[in-house]
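Dear colleague,

I am passing on the structure we spoke about, and below it you will find notes on the annotated positions. Please read them with the model open beside you.

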Amino acid sequence: AVPGQLKGKQVLITAGPTYEPIDPVRFIGNRSSGKMGFALAQAAQEAGAEVILIAGPVSLPTPTGVQRVNVETAQQMLDAVTAEANHSDIFISCAAVADYSPAKVEANKIKKTTHDKLILELEPTTDIVSSVTSQPDLTLFVVGFAAETRHIADYAREKMQRKKLDMIAANQVGEGQGFAVDDNALQVFWTGGEQLLPLAPKSQLARDLMTLIIERFYAKNST
Ligand code: C5P
């Protein structure tokens, strides 16, 4: 990305996992490190944007010049995104949001019992990126992510359509790639095009992806 290309634009980014509480000491989480989302926030800031980073529980320093909002649960992330979405120009949904959360949070620590099974009831969380794209009169350019173990291109394209995204960045997870690692490769799709961003450190990959996002963002907004 060229410095200043996103001057005057607001970029909203979600990053990291969400934690869904079971009781006061336990939660359901995932292995997302937040590195890709934080690297994207830095790349957008370097391109001149005003950046709002909605971060799940991760131990990463806030990139210089980026406004960070810490959240823990999918519901809190949804609320934070909803508050910022309509005055943003670009939304990059990089967070690994929990798909389910416990139907009931126990007020006290669940004790071991003599029964050998414990059944947790889970209910689906709201799909944050879809809740944004389903708003009428949407002008925001929306980028989603897809972490897949197989059939990457097919699943990613299907997800882009179903979630009404402008662009989707897909990565293969597993075998030292994707989650909680430093290097990653991305297959990026948009309506009418695709590009492979080969294996690179996430900081480099984030700059390359930001270049693509900026290109497509201005292409969309010039028509
Ligand atoms: O359906 P799947 O979780 O694979 O979709 C991934 C994309 O959807 C990512 O961009 C992720 O940030 C977003 N997502 C979301 N809210 C959810 C689940 C996923 O915004 N509850």
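To begin with one annotated residue, K159 lies in helix α4, which covers residues 152–162. Please bear in mind throughout that this is a predicted model. K159 counts as buried, because its relative accessibility is 18% and the cut-off for buried is under 20%. Leaving out residues up to four places away in sequence, K159 touches A146, E148, L165 and I168.

K159 belongs to a set that UniProt, in an unreviewed entry, lists under "binding site", together with D99, K109, F145 and K163. These positions span 65 residues in sequence, and the farthest two C-alpha atoms are 37.8 Å apart, so the residues do not all gather at one spot. From this set, D99, F145, K159 and K163 are nevertheless taken in by the lining of the largest pocket.

D99, another of the listed residues, is found in the loop between β6 (90–93) and β7 (100–102). With a relative accessible area of 58%, D99 is classed as exposed, because that class begins over 50%. If its neighbours within four places in sequence are set aside, D99 is in contact with E123, P124 and T125.

In looking over the model, you may wish to start from these two residues, K159 in helix α4 and D99 in the loop between β6 and β7.

With best wishes

Technical notes:
Residues numbered from 1 in each chain as written. Predicted model: local features only at pLDDT ≥ 70, side-chain atom pairs only at ≥ 80, totals over all residues. Heavy atoms only, no water. UniProt positions renumbered as here; feature names shortened; annotations may be inferred. 1 Å grid on protein atoms, 1.4 Å probe; cavity = no way out; pocket = protein on both sides within 12 Å on 5 of 7 lines; lining within 4 Å. Helix = DSSP H or I, 4+ residues; strand = E, 2+ residues; numbered from the N terminus. Buried < 20%, exposed > 50% of the residue type's maximum accessible area, 1.4 Å probe, protein only. Contact = heavy atoms within 4.5 Å.
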